[in-house]
Amino acid sequence: MQIIITMAHNHSSPSLHEQEEYPCPVCHYGKITNMTMMETFSCSFCQHIFTINFERKLLKMIDSQIPLSWLWNGRRWQSDHQTQNNLGLAYILFGLLFIGLPTGIIALGTFIFPPLPESPFAWFTPFWIICTFIAHLFCFLFVVIEYYQWPLGIYLNALKRKVIST
Ligand SMILES: [Zn+2]
């Protein structure tokens with residue numbers, strides 16, 4: 001009987017256990033452990049707070065505005081972001097428009113009404129086109145980091161906190 005129980009236990013080893021520690025999917029550095037007297041889990045490094053749905057093997061970050069979740073595959077956390085991956089393409093298209101359209105309009109304006117070559121401000125139009133491009137690119141990158149490649153942003157924040165606290 002004991003053997004059967006042990007085997008069953010081994011068989012179910014990919015499942016999650018409340019008292020074990022798990023790698024943190026956010027910073028990939030700390031360990032997630034059960035918080036004393038609570039049903040939540042926290043990371044030892046980035047200090048984010050999670051809940052675990054043991055039946056669905058689902059880890060949810062609860063101190064973030066973005067609903068992030070991961071599935072446990074027995075060895076590591078897998079991003080549970082299939083819908084967001086599909087959205088990714090829409091974001092890229094939106095980003096290309098967001099960056100390309102204003103830059104294109106200004107470039108077109110310059111092409112239709114080119115500045116006089118001897119004008120002292122002739123340098124300003126290409127400079128302005130580049131500024132428009134860079135400004136929109138940064139806006140878009142910020143959104144991407146915040147929303148899509150979020151671990152980078154959170155990781156840098158955690159690292160900054162670590163540096164400040166030491
Ligand atoms: Zn962490």
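The following paragraphs go through a predicted model, beginning with its confidence and then following its sheet.

The chain has an average pLDDT of 79, and 80% of the residues reach at least 70. Among the elements of the chain, strand 1 (residues 22-23) has the highest mean pLDDT, 94, while helix 1 (residues 2-11) has the lowest, 42. Over residues 1-13 the pLDDT stays under 50, and the model shows 0 contacts beyond four places in sequence for this stretch. Where pLDDT is low, predicted coordinates should not be read in detail.

The sheet comes next. It is open and has 7 strands in the order 1-2-3-4-5-6-7, with antiparallel pairing. Strand 1 and strand 7 are the edge strands, each pairing on one side only. In general, the strands of a sheet pair through backbone hydrogen bonds, in either a parallel or an antiparallel sense.

The pairings from strand 4 onward can be followed one at a time. Strand 4 (residues 49-53) runs antiparallel to strand 5, and 4 bridges join the two. Within this pairing, Phe 50 has Met 61 of strand 5 as its bridge partner. Strand 5 (residues 58-61) is in turn joined to strand 6 by 3 bridges, again antiparallel. Here Lys 60 stands opposite Ser 69 of strand 6.

Strand 6 (residues 69-72) has two faces: Trp 70 and Trp 72 lie on the covered one, Ser 69 and Leu 71 on the uncovered one. Ser 69, the residue opposite Lys 60, thus belongs to the uncovered face. Strand 6 also pairs with strand 7 (residues 77-79) in the antiparallel sense, over 3 bridges. In this pairing Trp 72, from the covered face of strand 6, stands opposite Trp 77 in strand 7. The two strands form a hairpin with 4 residues between them, and Gly 74 in the turn has a positive phi of about 105°.

Positive phi values also occur at residues other than glycine. One of them is Met 37, whose phi is near 65°. Met 37 lies in the loop between strand 2 (31-34) and strand 3 (41-43). Met 37 counts as exposed because it has 5 other C-beta atoms within 10 Å, and the cut-off for exposed is 12 or fewer.

Lys 57 has a positive phi as well, about 55°, although it is not a glycine. Its place is in the loop between strand 4 and strand 5. With 17 other C-beta atoms within 10 Å, Lys 57 is partly exposed.

Key:
Residues are numbered from 1 along each chain as its sequence is written. This is a predicted model: local features need pLDDT of at least 70, side-chain atom pairs count only at pLDDT 80 or more; totals for chains, interfaces and linings use all residues. A residue is buried if 20 or more other C-beta atoms lie within 10 Å of its own, exposed if 12 or fewer, and partly exposed in between; C-beta atoms are placed from the backbone. Two strands pair if DSSP finds at least two bridges between them. pLDDT is the predictor's confidence in each residue, from 0 to 100. Two residues are in contact if their C-beta atoms, placed from the backbone, lie within 7 Å.
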